[in-house]
Amino acid sequence: MSEHKTSFLKKYVFATDHKIIALQYMFTSLFALLIGFFFVLIMRWELAFPMHPIPLLGRLLSAKLAPNGVMSPELYNMLGAMHGTAMIFLGIAPLGFAAFGNYVLPLQVGAPDMAFPKLNMLSYWSFVIGCLILTSSFFLPSGPLQSGWTAYPPLSEITRGTTIWILAMVFIINSSLLGAINFIVTGLNMRAPGLTLGRLPIFVWAQLVTSAIVLLAFPPVEAGAVLLLMDCVAHTSFYLPQGLVILGHASGAAGGGQPILWQHLFWFLGHPEVYVLLLPAIGIIAEIIANNSRKPLYGYKAMVGSLLTILILSFIVWAHHLYISGMSPFLSDFFAITTLAISVPSVILLTCLVFSLQGGSIRFTVPMLFALSFLPLFGIGGLTGIPLGVTVTDIYLHDTYYVIGHFHYVVVAGILMALFGGIYFWFPKWFGRKMDETLGKIHFWGTVIGINGTFFPMFILGLAGQSRRLWNPLAQAHNVPWQKWHVVSSVFAGILLLAQIPFIYNFFRSIFKGERVSDNPWEATTLDWACPSPPPHGNFVNPVSVYRGPYEYSQPNNREGWAAQNAAELV
């Protein structure tokens with residue numbers, strides 16, 4: 001492949017190379033995760049030590065947001081809404097779907113780039129514009145969104161910050177839609193010769209299914225967001241009911257709208273969004289486990305079938321978030337059944353990953369440690385979700401800290417651990433160097449301890465009946481005996497933050513001074529390891545063809561014990 005010369009601006013800023021765009025997404029989303037984490041640490045101080053001045057930061061905040069350094073309810077609501085938005089829409093979703101998908105998917109299908117490089121660039125910069133608009137809300141008189149990351153009306157329409165949030169979300173949603181189109185066309189139309197659908201790695205299948213979910217789930221909520229924007233700026237009443245009273249005064253809006261309509265539109269996106277977060281993580285875990293157990297994945301066809309089943313069922317489970325909204329018993333029974341049904345393919349995926357370990361020659365590398373931790377931690381998240389999918393138990397647990405614990409065991413304890421594992425696994429491909437193993441293990445154990453210490457107490461608080469939306473937990477007398485668990489959770493949240501310091505140092509140091517490695521240091525079989533590290537423009541020095549499946553490990557007829565997909569003959 002000849003050297004591709006271009007200006008610095010076109011190569012690293014307005015890039016069209018899928019690899020540079022992937023790294024742009026990665027650095028942006030990791031920064032968003034760090035900022036979102038800081039937001040929740042400030043909130044956790046207030047929850048652990050209500051009405052106490054915030055250390056250091058308290059004296060820097062305005063008297064309106066933190067009188068005498070003590071967090072105000074308004075500031076708490078702002079941080080809560082922006083924490084959820086930053087972690088989900090700016091952090092985990094673009095990291096798993098856009099960053100890993102952009103870098104790895106074209107390599108694994110043997111493509112020289114994405115199908116639409118300029119559309120790919122537009123996708124990233126649409127995402128950046130959304131991030132900047134969202135950030136600007138902190139500097140406007142209205143301040144950020146105060147009605148939670150779900151922006152439920154009528155609260156979102158009578159508090160400030162909603163308009164900016166909607167504008168930002170439109171750009172972020174469009175970014176995802178553009179990326180999804182690119183992934184589907186690239187994954188299906190740009191496969192190397194011999195790479196049939198039955199030979200695609202699980203990671204590619206996961207990205208294709210995720211892209212289909214994005215294309216089907218995101219447009220309805222974007223249309224609903226435009227209606228919410230009209231309510232805010234044009235004083236329509238798509239979501240405002242008649243007879244609305246605000247702080248003792250009758251609303252001047254015409255009324256006649258339905259607040260529940262927004263909840264349906266939002267969760268029609270919101271629950272499939274869980275699988276937008278989860279499925280790329282499943283794909284990453286599958287690649288790591290197959291490589292480090294040195295044997296083929298157990299139940300490849302069952303895993304592909306489960307991914308496709310999730311694609312269908314994810315669109316008929318959303319209303320389990322609305323059980324207490326006055327839904328008819330018939331509908332609630334229907335959505336309880338579909339919610340339990342979608343757990344079946346999820347369990348199949350998890351079971352296949354566990355069975356893939358049986359009889360393997362397991363290498364306990366840092367990526368493998370994160371992959372192994374994903375299995376029980378995500379299992380806890382899934383099991384604790386079953387009571388929330390059934391009407392009779394969800395009525396009592398809805399909007400308690402139990403929901404917070406469940407969601408964070410899925411998203412942080414499960415998905416984020418998978419993304420960390422993916423970073424350690426593909427880092428040699430991105431930079432031609434390896435991250436330090438010792439620092440990686442310190443990061444792993446600190447993160448596992450911090451995660452469980454932070455989120456497990458939330459199950460206890462939730463079962464004790466504590467509401468998830470309290471600025472001051474001690475405002476309700478029945479919460480007083482359980483306040484110690486907030487202190488425990490906050491202390492371990494601090495430990496979780498400290499555990500990220502070795503990762504940040506290791507990541508940036510290894511880019512420049514990490515141990516240099518070969519093009520395929522993990523002895524992996526898929527096409528992403530058949531090109532130089534880091535890959536040049538066009539990815540592959542010579543065109544590649546595929547002769548076998550993606551996980552040909554434990555090959556007794558091959559001297560090396562494994563066979564790459566592009567190897568024409570066994571050695």
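**Entry 1: terms and overall form.** I take helices (H or I, at least four residues) and strands (E, at least two) as DSSP runs, numbered from the N terminus. The model I am reading is a predicted one, and I keep that in mind for every entry below. On this reading I find 15 helices and four strands in the protein chain. I then looked at the overall dimensions, and the C-alpha trace spans about 80 × 50 × 45 Å along its principal axes. The radius of gyration is 24 Å, which agrees with the value near 25 Å that a compact globule of 571 residues would have. I also looked up burial, and 58% of the 571 residues count as buried.

**Entry 2: the segment after β4.** I went to P534, which lies in the segment that follows β4 (515-516). The peptide bond leading from S533 into P534 is cis, and its omega is near -5 degrees. In the segment after β4 I also noted N539, a residue other than glycine whose phi is nonetheless positive, near 75 degrees. Is N539 buried or exposed? Its relative accessibility is 0%, and therefore I enter N539 as buried.

**Entry 3: a second cis bond and another positive phi.** I found a cis peptide bond between P153 and P154 as well, with omega about 5 degrees. P154 has its place in the loop that runs between α4 (117-136) and α5 (155-158). I next turned to R294, in the loop between α8 (259-293) and α9 (300-313), where phi is positive at about 60 degrees although the residue is not a glycine. I count R294 as buried because its relative accessibility is 14%, and the cut-off for that class is under 20%.

**Entry 4: helix α7 and what follows.** I asked myself whether the length of α7 (residues 202-233) fits its residue count, and the comparison comes out well: its 32 residues should span 46 Å at 1.5 Å a residue, and the end C-alpha atoms are 45 Å apart, which agrees. The helix nevertheless carries a kink of about 30 degrees at F218, shortly before the proline P219. I also checked how far α7 is covered, and 23 of its 32 residues are buried, so that I describe the helix as mostly covered. Just after α7, I noted that H235 takes a positive phi of about 60 degrees.

**Entry 5: α6, a surface patch and the loop to α7.** Which residues form the nonpolar patch on the surface? I list F116, I181, L215 and L216, which together have about 320 Å² of accessible area. Of these I followed up I181, which is found in helix α6 (residues 162-189) and counts as partly exposed because its relative accessibility is 35%. I then moved to T196, in the loop between α6 and α7, and its relative accessibility of 43% makes T196 partly exposed too. As a link back to Entry 2, I looked up the separation of T196 and P534, which are 338 residues apart along the chain, and their C-alpha atoms are separated by 26 Å.

**Entry 6: salt bridges.** I count a pair when a side-chain nitrogen of Lys or Arg is within 4 Å of a carboxyl oxygen of Asp or Glu, and by this rule the count comes to five. One of them joins the side chains of D17 and K19, at 2.9 Å from N to O, and I find both of these residues buried. Another is formed by D399 with R469, where the closest N and O atoms are 3.3 Å apart. This pair links distant parts of the chain, for D399 sits in the loop between α12 (391-397) and α13 (401-431), whereas R469 sits in the loop between α14 (437-463) and α15 (483-513), 70 residues away. D399 is partly exposed at a relative accessible area of 26%, and R469 is likewise partly exposed, at 47%. I also entered the bridge of K434 with E437, whose closest N and O atoms are 4.0 Å apart. K434 is partly exposed with a relative accessible area of 24%, and E437, at 25% relative accessibility, falls in the partly exposed class as well. Last, I traced shared partners, and salt bridges of this kind join D399, R468 and R469 into one network.

Conventions: Residues are numbered from 1 along each chain as its sequence is written. Side-chain values use heavy atoms; hydrogens and water are left out. Patches are made of residues with over 30% relative accessible area and no salt bridge: like charges are joined within 9 Å, nonpolar side chains (Val, Leu, Ile, Met, Phe, Trp, Tyr) within 5 Å. Accessible areas come from the Shrake-Rupley method with a 1.4 Å probe; for residues, only the protein chains shown count as cover. Buried means under 20% relative accessible area, exposed over 50%, partly exposed in between (1.4 Å probe, protein chains only). The expected span of a helix is 1.5 Å times one less than its number of residues. The bend at a residue is the angle between axes fitted to the seven residues ending there and the seven starting there. The radius of gyration is taken over C-alpha atoms; the globule rule is 2.2 Å times the number of residues to the power 0.38.
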